[in-house]
Amino acid sequence: DETGYWTGFESDFAREVGKIIGMEVDFQEISWEQKYAELNSGAIDCIWNGFTANSADKIDGVEYKRSDLVDFTYGYMLNQQCVVVKADNLDSFKSEADLAGKKVAVKNGTMSNQYAESIKDEYGFEVVTFSTSPDMYQAVMGGQVEACLDDTPILKYNIKIGELDMKFVDGTENEPAQYGFAIFDAANQELVDK
């Protein structure tokens with residue numbers, strides 16, 4: 001918020017879990033593309049930010065399952081990817097097939113990025129990557145792209161708090177996956193166990 005206090009579902013949940021397990025929570029903003037480097041270097045102890053456990057990431061051009069790179073807690077929330085468009089364009093989009101020939105925004109290095117890449121040839125759209133969610137939403141609102149794909153809970157929250165004039169395209173949700181939080185160093189296994 002305006003005072004620098006971290007707000008939202010994930011931060012509130014992390015604080016409550018911290019109280020229960022007797023650990024203080026300190027939030028660090030990182031580049032999502034650098035999440036493994038940040039974790040590996042010890043700059044952060046865990047990743048707790050809408051991190052989908054049963055997914056994969058490319059590192060130096062090689063695809064790795066996330067569960068091979070880090071240890072995850074049990075899942076704490078189901079997540080899906082969904083297509084969102086500017087509200088006044090909703091009538092033009094009834095399914096993924098209506099994305100043909102269009103530009104679809106995703107945040108780089110995310111589950112949405114992977115999902116979009118996996119279906120872009122089938123539906124004939126172009127994937128455009130952004131570093132942050134606000135940049136991606138602004139591109140939709142400004143007309144630089146026709147749609148975006150993002151985690152449904154994150155989209156719902158950002159549409160609400162940002163008062164964004166965007167709407168979900170019904171029926172475009174993919175199979176749900178679990179959010180978990182992750183650690184890298186086995187020395188932190190106590191954190192995952194707790």
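Q: What makes residues such as Asp57, Lys58 and Ile59 stand out in the lining of the second largest pocket?
A: In this predicted model, the second largest pocket is lined by 18 residues, and Asp57, Lys58, Ile59, Asn108 and Gly109 are the ones that lie nearest its centre. The pocket's volume is about 430 Å³.

Q: How do you know which element gives the largest share of that lining?
A: Three elements, α2 (35-41), β2 (56-59) and α4, each supply at least two lining residues. The largest share, 4 residues, comes from β2.

Q: What kinds of residue make up the lining of the second largest pocket?
A: It's a mix: 5 nonpolar, 6 polar and 7 charged residues. Glycine is counted as polar in that split.

Q: How do you know that the length of helix α4 agrees with what a helix should span?
A: Helix α4 runs over residues 111-123, which makes 13 residues. The expected span is 1.5 Å times one less than the number of residues, so α4 should span 18 Å. Its end C-alpha atoms are 18 Å apart, and therefore the two values agree.

Q: Where does α4 bend, and what comes after the helix?
A: The bend is at Glu117, by about 30 degrees. After α4 comes Gly124, whose phi is positive, near 70 degrees.

Q: Which residues of α4 are buried, and what do they pack against?
A: The buried ones are Met111, Ser112, Asn113, Tyr115, Ala116 and Ile119. They pack against two kinds of element: the strands β1 (47-52), β6 (81-86), β7 (103-107), β8 (126-130) and β9 (147-151), plus the helix α3 (66-69).

Q: Why is Lys35 called buried?
A: Buried means under 20% relative accessible area. Lys35 has 2%, so it counts as buried. This lysine is found in helix α2. Leaving out residues up to four places away in sequence, Lys35 touches Ile30, Ile44, Ile47, Phe51, Asp57, Arg66 and Gly109. Two of those names, Asp57 and Gly109, also turn up among the residues nearest the centre of the second largest pocket.

Q: Why does Ser133 count as buried?
A: Its relative accessible area is 8%, and the cut-off for buried is under 20%, so Ser133 is buried. You'll find Ser133 in helix α5 (residues 133-142). Apart from neighbours within four places in sequence, Ser133 is in contact with Lys107 and Asp150.

Q: Why is Lys156 called exposed?
A: Exposed means over 50%. Lys156 comes in at 53%, so the label fits. Lys156 sits in helix α6 (residues 152-161). Lys156 and Gln144 are 12 residues apart in sequence, with their C-alpha atoms 21 Å apart in space.

Q: What makes Tyr74 exposed, and which residues is it in contact with?
A: Tyr74 has 78% relative accessibility, and the cut-off for exposed is over 50%, so Tyr74 counts as exposed. Tyr74 lies in the loop between β4 (71-72) and β5 (77-79). Once its neighbours within four places in sequence are left aside, Tyr74 is in contact with Tyr179 and Gly180. The C-alpha atoms of Tyr74 and Gln178 are separated by 8.4 Å, although these residues are 104 places apart along the chain.

Q: Why is Glu163 called exposed, and what is its phi?
A: At 70% relative accessibility, Glu163 is over the 50% cut-off, so it counts as exposed. Its phi is near 50 degrees, a positive value in a residue other than glycine. Glu163 belongs to the loop between α6 and β10 (166-168).

Q: Why is Met23 called partly exposed?
A: The label covers what lies between buried, under 20%, and exposed, over 50%. Met23 has 31%, so it is partly exposed. Met23 lies in the loop between α1 (9-21) and α2. Not counting residues up to four places away in sequence, Met23 touches Gly18, Leu191 and Lys194. The C-alpha atoms of Met23 and Leu191 are separated by 9.0 Å, with their positions 168 residues apart along the chain.

Q: Why does Gln34 count as partly exposed?
A: Gln34 has 41% relative accessibility, which falls between the 20% and 50% cut-offs, so Gln34 counts as partly exposed. Gln34 is found in the loop between α1 and α2.

Note on methods: Residues are numbered from 1 along each chain as its sequence is written. This is a predicted model: local features need pLDDT of at least 70, side-chain atom pairs count only at pLDDT 80 or more; totals for chains, interfaces and linings use all residues. Side-chain values use heavy atoms; hydrogens and water are left out. The bend at a residue is the angle between axes fitted to the seven residues ending there and the seven starting there. Buried means under 20% relative accessible area, exposed over 50%, partly exposed in between (1.4 Å probe, protein chains only). Contact means heavy atoms within 4.5 Å. On a 1 Å grid over the protein atoms alone, a cavity is a set of points where a 1.4 Å probe fits but cannot get out, and a pocket is an open set with protein on both sides within 12 Å along at least five of seven lines; lining residues have an atom within 4 Å of a point. Grid points are joined across faces, edges and corners, and a volume is the space filled by probe spheres set on the points.
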